[in-house]
Amino acid sequence: MSDGVDVDAALEAEVLIYKRAAHENLACEEFVDTPEDIEEDHWIYELLRYFTVQLNLLALELSNECTTEKCTEMQATDDWQFLCACHEPPKECSAISYIMHNLDQAESTLSSEKTRVTEDGKRQIATLARRLYRILAHAYYEHPACFDSFEEKTHLHSQYHVYVTKFKLMDKKHLIIGST
């Protein structure tokens, strides 16, 4: 890779994340804890890459029931409706379109070297973390059986909640899952 990217460190972090994910009894706090030999900013970035992959798997499971006809807008309860900021200006999208647009944007952003090494990149990580959380919130409130089944297998929400809280990527008032 080009300047500023240590391929060995990236691979080491990715391998460690997947090893931790395979450990069934690992507490979520331990899952997100930054290893001593990896820089925290790099760890935050690598975890978000992992969560993006996992959210793609959740989107696949949601796709049978979260259709443009059934979920015409991206919402999580009647109190939380989200515009898709992947458009300029932001606009309403069906939930599945919002999910796919934001996952695509996350993948594109996370593949850019700028995301890893700049202050703007750190802000982008927080923005992506907030937008991706909305996918979990939609699944939780609008497709609870799918959410519960996926959470039981992966602990994705539990890990993600610890991740965004520990690294202060989201304001607690926006952590709406289980709040109503």
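His143 is buried, with a relative accessible area of 5%. In this predicted model, the residue sits in the loop that joins helix H6 (119-142) to helix H7 (144-154). Its side chain makes a polar contact with the side chain of Glu65, at 2.9 Å. When neighbours within four places in sequence are set aside, the contacts of His143 are Leu62, Glu65, Cys66, Cys71 and His138. Glu65 thus appears both as a polar partner and in the contact list.

Helix H7 also holds Ser149. Ser149 is partly exposed, with a relative accessible area of 34%. The C-alpha atoms of Ser149 and Glu61 are 9.8 Å apart, although 88 residues separate the two in sequence.

**Salt bridges**

Over the whole structure, a search finds 4 salt bridges. Among them are the pairs tabulated here, with the N to O distance for each.

| Pair | N to O distance |
|---|---|
| Lys166 and Asp33 | 3.1 Å |
| Asp41 and Lys122 | 2.9 Å |
| Glu46 and Arg49 | 2.6 Å |

Lys166 and Asp33 meet through their side chains in a salt bridge. This pair links distant parts of the chain, with Lys166 in helix H8 (residues 156-166) and Asp33 in the loop between helix H2 (28-32) and H3, 133 residues apart. Lys166 has a relative accessible area of 38% and is partly exposed. Asp33 is partly exposed as well, at 31%.

The side chains of Asp41 and Lys122 form another salt bridge. Asp41 belongs to helix H3 and Lys122 to helix H6, so the pair ties together parts that are 81 residues apart in sequence. Asp41 counts as partly exposed because its relative accessibility is 37%, and Lys122 is partly exposed with a relative accessible area of 36%.

The bridge between Glu46 and Arg49 lies within one helix: the two residues are 3 apart in helix H3, which means that about one helical turn separates them. What is the burial state of Glu46, buried or exposed? At 3% relative accessibility, Glu46 counts as buried, because the limit for that class is under 20%. Arg49, by contrast, is partly exposed, with a relative accessible area of 29%. The contact between the side chains of Glu46 and Arg49 is also listed as a polar contact, at 2.6 Å. Apart from neighbours within four places in sequence, Glu46 is in contact with Ala10, Ala13, Glu14 and Ile17.

**Ser111 and Arg49**

Arg49 also enters a pairing by distance in space. Ser111 and Arg49 are 62 residues apart in sequence, and their C-alpha atoms are 9.0 Å apart. Ser111 is found in the loop between helix H4 (95-110) and helix H5 (113-117). Is Ser111 buried or exposed? Ser111 counts as exposed, since its relative accessibility is 55% and the class begins over 50%. The side chain of Ser111 reaches the backbone oxygen of Ser108 at 2.8 Å.

**Aromatic residues**

How many aromatic pairs does a search of the whole structure find? The search gives 12 aromatic pairs. One of them joins Tyr163 and Phe167 in an edge-to-face arrangement, with 5.8 Å from centre to centre and 70° between the planes. The angle qualifies as edge-to-face because that class requires planes over 60 degrees apart. Tyr163 counts as buried, at 0% relative accessibility. Phe167 is also buried, with a relative accessible area of 10%.

Tyr163 and Phe167 belong to one aromatic cluster, which is formed by Tyr18, Phe31, Tyr50, Phe51, Tyr133, Tyr160, Tyr163 and Phe167.

**A nonpolar surface patch**

Tyr18, a member of that cluster, also takes part in a nonpolar surface patch. The patch is made by Tyr18, Val53 and Leu57 and covers about 240 Å². Leu57 lies in helix H3 (residues 40-62). At 40% relative accessibility, Leu57 counts as partly exposed. Helix H3 therefore carries Leu57 of the patch together with Asp41 and the Glu46 and Arg49 pair.

Terms used: Residues numbered from 1 in each chain as written. Predicted model: local features only at pLDDT ≥ 70, side-chain atom pairs only at ≥ 80, totals over all residues. Heavy atoms only, no water. Patch = residues over 30% accessible without salt bridge, like charges linked within 9 Å, V, L, I, M, F, W, Y side chains within 5 Å. Areas by Shrake-Rupley, 256 points an atom, 1.4 Å probe, with all protein chains shown as cover. Helix = DSSP H or I, 4+ residues; strand = E, 2+ residues; numbered from the N terminus. Buried < 20%, exposed > 50% of the residue type's maximum accessible area, 1.4 Å probe, protein only. Phe/Tyr/Trp six-rings, centres within 6.5 Å; stacked < 30°, edge-to-face > 60°. Polar contact = N/O pair within 3.5 Å; in protein donor to acceptor, adjacent residues only side chain to side chain. Contact = heavy atoms within 4.5 Å.
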